[in-house]
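Here are my notes on the model, set out as numbered points. Please read them with the coordinates open.

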Amino acid sequence: MEKIKLQENLYVYRQTNEPGIIANTYVLIGNPNILIDAGFMVEEKIGKVLLTHCHFDHHQYAKKYQEKGAKILASKKATEELKKASQIVSPDYFRKKFNAKIESITVDEILEENQAINNGNFKLKIIYVPGHTPGSIAFYDEEKKMFFSGDTWYGGERIGSYKFPSGDLEQLKISVEKLKNLKPKFLFPGH
Ligand SMILES: [Zn+2]
């Protein structure tokens, strides 16, 4: 794992070996410090954990953060999916990859479309982007033109996978177009 400073008040923790398996974990410094996805335990004290979707590689440490006092935030559909995380989201695939016990997660706050999350340094708008999973969301800072796209879009023509059990290619295409139209200057994807 390596920690990289991307911009002022913005860090990513990411995998150094076997890239692509564990989700990029972004730290947005502010009041409070915000985490986007929970693929790693970070050194900063985290107040809010925003989950882009219900896949295990993105939420594997969410419960640990919650135990340390952080609130978990996700879309309504992801909240339902995370509640039964131990049974769905292709657990066999993740179990094999991570040799992990997948636990269900209780989300503290549901994120509505167009809602804004503000920590003083970042103002993130919630954008619903179903397709990779039904409950996938992305976060957009309009002022900074920064996009946190989860597994929906990796830039250009590189779209997320729709091959997991709840994936939907038609929905995903619509969602990616929606993101492209916002013309972000910086794209921070989940992998
Ligand atoms: Zn995923």
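Which residue in β11 does Asp141 stand opposite?

1. Asp141 stands opposite Met146 in β11. The two strands concerned are β10, residues 137-141, and β11, residues 146-150; they pair in the antiparallel sense over 3 bridges. Please keep in mind throughout that this is a predicted model.

2. As for the chain overall, the protein has 5 helices and 12 strands. Its radius of gyration is 15 Å, close to the 16 Å that the globule rule gives for 191 residues, so the chain is as compact as a globular protein of that length. Along the principal axes, the C-alpha atoms fill a box of roughly 40 × 40 × 35 Å. Of the 191 residues, 42% count as buried. Among contacts with a separation of 6 or more, 48% are between residues 24 or more positions apart.

3. One open sheet consists of 7 strands in the order β1-β2-β3-β4-β5-β6-β7, with mixed pairing. Its edge strands are β1 (2-7) and β7, each of which pairs on one side only. In general, strands of a sheet pair through backbone hydrogen bonds, either parallel or antiparallel.

4. Several pairings in this sheet can be followed strand by strand. β4 (residues 34-36) pairs with β5 in the parallel sense over 3 bridges, and Leu35 stands opposite Val49 in β5. β5 (residues 48-50) pairs in turn with β6 (residues 71-74), again parallel and over 3 bridges; here Lys48 has Lys71 as its bridge partner in β6. β6 is then joined by 2 bridges to β7 (residues 109-110), and these two strands run parallel. The bridge partner of Leu73 in β7 is Glu109.

5. Where is the nonpolar core best connected? The largest such core has 47 residues, and those with the most contacts inside it are Leu35, Val49, Ile72 and Ala138. The largest share of this core, 4 residues, comes from β10. For Val49, setting aside neighbours within four places in sequence, the contacts are Leu35, Ala38, Ala62, Tyr65, Ala70, Ile72 and Leu73. Val49 is thus in contact with Leu35 as well as standing opposite Leu35 in the β4-β5 pairing.

6. Helix α3 (residues 76-83) has Ala78, Thr79, Glu81 and Leu82 as its buried residues. Seen down the axis of α3, these residues fall within an arc of 165°, so they line one face of the helix. They pack against α1 (56-59), β6 and β7. A reader checking the buried set should note that Thr79 and Glu81 belong to it along with Ala78 and Leu82.

7. A second open sheet has 5 strands in the order β8-β9-β10-β11-β12, also with mixed pairing. β8 (116-118) and β12 stand at its edges with a single partner strand each, so one side of each is left without a neighbour in the sheet. From one strand to the next, the twist averages 25°.

8. Within this sheet, β8 is joined to β9 (residues 123-128) by 3 bridges, and the two run antiparallel. Ala116 has Lys125 as its bridge partner in β9. The two strands form a hairpin with 4 residues between them, and Gly120 in the turn has a positive phi of about 90°. β9 also pairs with β10 in the antiparallel sense, over 4 bridges. On that side the bridge partner of Lys125 is Tyr140 in β10. Lys125 therefore appears in two pairings, with Ala116 of β8 and with Tyr140.9. The last strand to look at is β12 (residues 186-189), which contains Phe188. Is Phe188 buried, exposed or partly exposed? With 19 C-beta neighbours inside 10 Å, Phe188 counts as partly exposed, because a buried residue needs 20 or more. Not counting residues up to four places away in sequence, Phe188 touches Tyr26, Met146, Phe147 and Phe148. Met146 is also the residue that Asp141 stands opposite. The C-alpha atoms of Phe188 and Gly155 are separated by 9.1 Å, with their positions 33 residues apart along the chain.

Key
Residues numbered from 1 in each chain as written. Predicted model: local features only at pLDDT ≥ 70, side-chain atom pairs only at ≥ 80, totals over all residues. Buried ≥ 20, exposed ≤ 12 C-beta atoms within 10 Å, placed from the backbone. Contact = placed C-beta atoms within 7 Å. Pairing = 2+ DSSP bridges. Axes fitted to C-alpha atoms, helices over the stretch in contact; angles between N-to-C directions. Core = buried A, V, L, I, M, F, W, Y, C linked by C-beta atoms within 7 Å. Rg over C-alpha atoms; globule rule 2.2 N^0.38 Å. Arc of directions from axis to C-beta.
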